[in-house]
Every structure is written in C-alpha cells, then in structure tokens.
Amino acid sequence: MAKGGHLLRVSKPDTRKMKPMQHILLDTDIGVDDALAIILALNSPELKVEAITSVSGNVHVDLCTRNLLMTLEAMRVREYPICAKGESQPLIKPLVTAAHVHGSDGLGDVTRLLTTDGSRLYPDPEPQLAAMAAVDLIIDLAGQYPDELILVPVGPLTNIAKAMIKHPARMRRVREIVLMGGAFETYGNVTTTAEFNIFADPHAAQLVLDFGVPITMVPLDVTHQVILTGKRLDAEIGERDDRLSQFLRDATRATMEYHQSHERFYGTYIHDALPIGLLTSPEFFETVEAFVQVETSGDLTQGMTIADLRSERPRPKPNARVCVRVHAEAFLRHFFDRILR
Ligand code: BDR
Ligand code: CA
C-alpha cells in the first residue's frame, strides 16, 4: 500500500560522522532477529555496548531475558555487558506477542532441542542480571553518559517511555534514539497498517516521538529489503561447526519455515540488525526528515505510523529521520563478515 506518492522525495545518504566509539544501550524483546542484532552489535568495534535491556514483545519478558543470556552464551562472550530485565506489560494496551513467528520460546524453539544423551542442547543459562530493573538502568546510564548515550530499541518502546516518564531531565540528555519500527509506504506486518514494535505499544511510541530527543526510525520499508535466505546462511557458514554457527542455524530454522509457508521464501528478515548497521555503516542507508505520528486508538489502524515523506509538500517541523533505503547486499556482506568473524 502506498500511503501517498513519493516520486519527488529527496533522500540522501546518512552522513552522520562516525565517532571512534559510540556508547549504546540495546533495548530488545529478544526474538530471532533481535539475537542477530545482539551478535552484530557485540562484534562491532565502533560500538561499546554499555547494556542490554529486555522488554516484553515477541514473547514475555521472562523468556526474552532468558533468550538474551542464551544468545550471549552461544557467542561465548567473555565479558558480559550489563543485562537487565524490563517491563512485562505495555503502557496501556494488553500484551500481544509474535510467538507464531519466533517460536514459543522466542528463539525458534531451540529450548526443545536435545543432545544424544537427552539433555538440552541449549540449557537455561545462569541468570547474570543487574540488580536494578531496565527502566532504572536506562536512566542511570543516561546520567553516566550525558549527551553520549545512544539508545537502540528494537522492540516495543515501553522501557524507553517509562524511563522518560520517570526521569525526563536525565533522559533529555540521551544523544539519539535509533529504533527499529514503523511502516510508512508499505503494509504492516501485524495488521495491514501496523508494524509489530509500534503496534505492541503505540502509546509508548507516540510518547517517545513527542519527547524531543533526536530519533532515527528504521521501518519495515527498509528492513523488508534485506532477506536472509536459508541458502545464503548455509553458504556463509560453510563447513564451520562452532557453537555460534550451530546456534545461528538452530535459532533461524522455525522462522524460516514460517516465512516459507506465509511469504513463499525460505528465509527470514533481519529487521533488528539494521539499526546496528546504520550506526556502524551509515553509508549503506538513506534517510529523510519527517514529522511522524502514531495512531494510538483506531480500530483498524492502531499502531500505524503516519508521515508525509514527500519533499514538495509543506509539513510540520520534523521530529524524526526515517530510513527509506538500504544497500541490501552491502549490508548483508557486512553482517556476515561481522557475525561470523
Ligand atoms: C519487529 O518485530 C519483531 O517481531 C522483530 O523482532 C522486529 O523487532 C519487526 O516488525
Ligand atoms: Ca525485536
């Protein structure tokens, strides 16, 4: 669905200056593509991942938190970033999940896989969590890194919105928010009009857009341009048989099967990896400025992101940058080079 014409739009490569080290906090509802984003972020030397916070979304936050630790375990991470458990319920509406896409455990049902001796191939990791809850950790880090911290939310925006409500002064010192969410000139993936992260907590999304911190949105329009096929994953992994390669195959299998039966390709989108790529390799992306609003109440349109991306029309002052294009193959090459390094 095209929400308005786009022929005269003026988009340009994102030319943000790459800083030697960017301090990020990844806020995530760890499903399959979130796990890939975590791996990419932790393997990106331009980023210092100060913390990873979980939030309910793809599955309940209890499972998301376990999936976070399981992903770190599969990576054999030597130094764990600070991890904290986040909010279990959206601000106002009841929780909706996407277990039908990500598996009932959120990680492609890897928790059901057994070894030859009958034990779990991916056992529950030791909980290694911060004593404080995600919202407080976000506020704390915003205070520790004033004007430096970049928030990268790749799930519903509940934790971020609650942190803004609880400590607006600290949160105004967040440098930027680079999020995965929204659908502008394309169909949604939950309803015809809404993308999952925004649909799951539209009130949080609107609050975050209204808050005034610089925001860049990476919507479905762009993430649907990058497809990780099963064939490509196999080819890139090749003969490797390390734990991470095994995890990549196991965690992506169910969602690839889902896309085979629903979208006729054996593969998956890697939505949440794209904001990480935008931070480390902005030259692969194009963005436009826009005034973005979220439909919070429509019966048919709740969670819809609305913006006029045409350049020739007068419009309100922009409150976000919206990513409109990605060089898909360049990004995929970069993605594999980093996650399989
Ligand atoms: C978003 O929804 C979730 O299912 C994915 O992890 C991604 O963050 C895509 O709409
Ligand atoms: Ca996600």
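Which pocket does ligand 1 sit in? Hi everyone, let's answer that together. What you see above is a predicted model, and in this model ligand 1 sits in the second largest pocket.

So who are the neighbours? There are 13 residues around ligand 1, and those that come nearest are D33, N58, N189, E195 and D272. If you sort the shell by character, you get four nonpolar residues, five polar ones and four charged ones. Two helices are worth finding on your screen: α1, residues 32–42, and α7, residues 196–200, each give at least two residues to this shell.

Now let's look at some contacts with oxygen atoms of ligand 1. E195 has a polar side-chain atom 2.4 Å from an oxygen of the ligand. For D33, a polar side-chain atom is 2.7 Å from a ligand oxygen, and for H102 the corresponding distance is 3.0 Å. Taken on its own, ligand 1 has 280 Å² of accessible area, and the protein covers 97% of that.

Next, please find ligand 2, the calcium ion. Which residues coordinate the calcium ion? They are D29, D34, V154 and D272, at 2.3 to 2.8 Å. D34 appears twice in the list of donors through OD atoms, while V154 contributes its O atom. Along the sequence, the spacing of these donor residues reads D-x4-D-x119-V-x117-D. One pair here links distant parts of the chain: D34 belongs to helix α1, D272 lies in the loop between β9 and α12, and the two are 238 residues apart.

You may remember D272 from earlier, as one of the residues that come nearest to ligand 1. Thanks for listening!

Methods: Residues are numbered from 1 along each chain as its sequence is written. Chains are lettered from A and ligands numbered from 1 in the order in which they are written. This is a predicted model: local features need pLDDT of at least 70, side-chain atom pairs count only at pLDDT 80 or more; totals for chains, interfaces and linings use all residues. Side-chain values use heavy atoms; hydrogens and water are left out. A residue is near a molecule or strand if one of its heavy atoms lies within 4 Å of it. A polar contact is a pair of N or O atoms within 3.5 Å; within protein, one must be able to donate a hydrogen and the other to accept it, and residues adjacent in sequence count only if both atoms are side-chain atoms. Accessible areas come from the Shrake-Rupley method with a 1.4 Å probe; for residues, only the protein chains shown count as cover. On a 1 Å grid over the protein atoms alone, a cavity is a set of points where a 1.4 Å probe fits but cannot get out, and a pocket is an open set with protein on both sides within 12 Å along at least five of seven lines; lining residues have an atom within 4 Å of a point. A molecule sits in a cavity or pocket if more than half of its atoms lie within 2 Å of its grid points. Helices (H or I, at least four residues) and strands (E, at least two) are DSSP runs, numbered from the N terminus. Ala, Val, Leu, Ile, Met, Phe, Trp, Tyr, Cys and Pro count as nonpolar, Asp, Glu, Lys and Arg as charged, and the others, Gly among them, as polar. Donors are N, O and S atoms within 2.8 Å of the metal (3.2 Å for Na, K and Ca); water is not among the atoms, so sites may look incomplete.
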